[in-house]
Amino acid sequence: MKHIVGLGVSLLAFWLVMSGVYTGLIISLGVLSVALVLYIAHRMDIHDHETFPVHLTRGIFGYWKWLAREVFKANIDVARIVLSRRMRLSPRIVRVRSSQHTDLGHVILANSITLTPGTVSVEIEGDEIIVHALTEELAEGVLNGEMDRQVLAIEAH
């Protein structure tokens with residue numbers, strides 16, 4: 001039940017933020033739209049801990065803050081590589097061990113790696129993520145396990 005309520009609250013908040021219009025008609029249309037989506041989700045029986053991961057909400061904002069810093073630092077690194085006279089690329093494929101316990105944790109880690117410039121998650125194979133990195137330094141940044149520990153921390157909540 002908490003998943004369907006959390007989904008409803010987040011959908012309604014998203015509707016209100018994206019519409020930017022707070023008249024009675026718009027708000028009532030938003031409520032009706034959200035109610036229809038919740039009804040369909042309930043009928044399809046797709047409201048579970050992965051559809052709306054309430055258990056992740058406690059640590060997710062700190063993780064987003066940490067991830068934003070990492071993305072910023074990686075942007076600087078990639079810009080430095082691309083703008084240098086001698087572009088020192090040493091592309092490589094590495095296997096990153098994932099300590100996550102759920103499929104959702106694996107997906108969060110793989111997407112976080114892809115969001116970080118200079119690295120792309122290519123495939124998830126069991127408890128490993130295959131990652132393409134532009135340079136050895138970017139590959140080492142993924143292999144050091146810090147991102148894995150951060151995702152594991154939010155998953156533990």
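1. Start with F72. In this predicted model, F72 comes out as exposed, because its relative accessibility is 55% and the cut-off for that label is over 50%. The residue belongs to helix 3, which covers residues 57–83. If you want a long-range pair to look at, take F72 and P117: they are 45 residues apart along the chain, and their C-alpha atoms are separated by 8.7 Å.

2. Now look at A74, which also has its place in helix 3. Buried or exposed, and why? A74 is buried, since its relative accessible area is 5% and buried means under 20%. Leaving aside residues up to four places away in sequence, A74 touches T116 and P117. So P117 turns up again here: it is a contact of A74, and its C-alpha atom is 8.7 Å from that of F72.

3. For a second distance from A74, try R149. These two are 75 residues apart along the chain, with 18 Å between their C-alpha atoms.

4. On the fold itself: the chain has 6 helices and 3 strands. Reading from the N terminus, the order is α-α-α-β-α-β-β-α-α. With a radius of gyration of 20 Å, against the 15 Å that the globule rule gives for 157 residues, the chain is more spread out than a compact globule. The box filled by the C-alpha atoms, taken along the principal axes, is roughly 60 × 35 × 25 Å.

5. How do the contacts spread along the sequence? Take the contacts between residues at least 6 apart in sequence: 66% of them join residues at least 24 apart. The pair A74 and T116 is one you can check by eye, as A74 touches T116.

6. On burial and surface: 32% of the 157 residues count as buried, A74 being one of the buried residues. The chain exposes about 10200 Å², and 65% of that comes from carbon and sulfur atoms.

7. Charges next. The chain carries 14 positive and 16 negative charges, and the mean positions of the two sets lie 10 Å apart.

8. Last, confidence. The mean pLDDT of the chain is 86, with 90% of residues at 70 or more. Where is confidence lowest, and where is it highest? The low end is helix 1 (residues 2–19), at a mean of 82, and the high end is strand 3 (residues 128–133), at 95.

Notes. Residues numbered from 1 in each chain as written. Predicted model: local features only at pLDDT ≥ 70, side-chain atom pairs only at ≥ 80, totals over all residues. Heavy atoms only, no water. pLDDT = per-residue confidence, 0-100. Helix = DSSP H or I, 4+ residues; strand = E, 2+ residues; numbered from the N terminus. Rg over C-alpha atoms; globule rule 2.2 N^0.38 Å. Buried < 20%, exposed > 50% of the residue type's maximum accessible area, 1.4 Å probe, protein only. Contact = heavy atoms within 4.5 Å. Areas by Shrake-Rupley, 256 points an atom, 1.4 Å probe, with all protein chains shown as cover. Lys, Arg positive; Asp, Glu negative; His and termini not counted. Charge placed at Lys NZ, Arg CZ, Asp CG, Glu CD.
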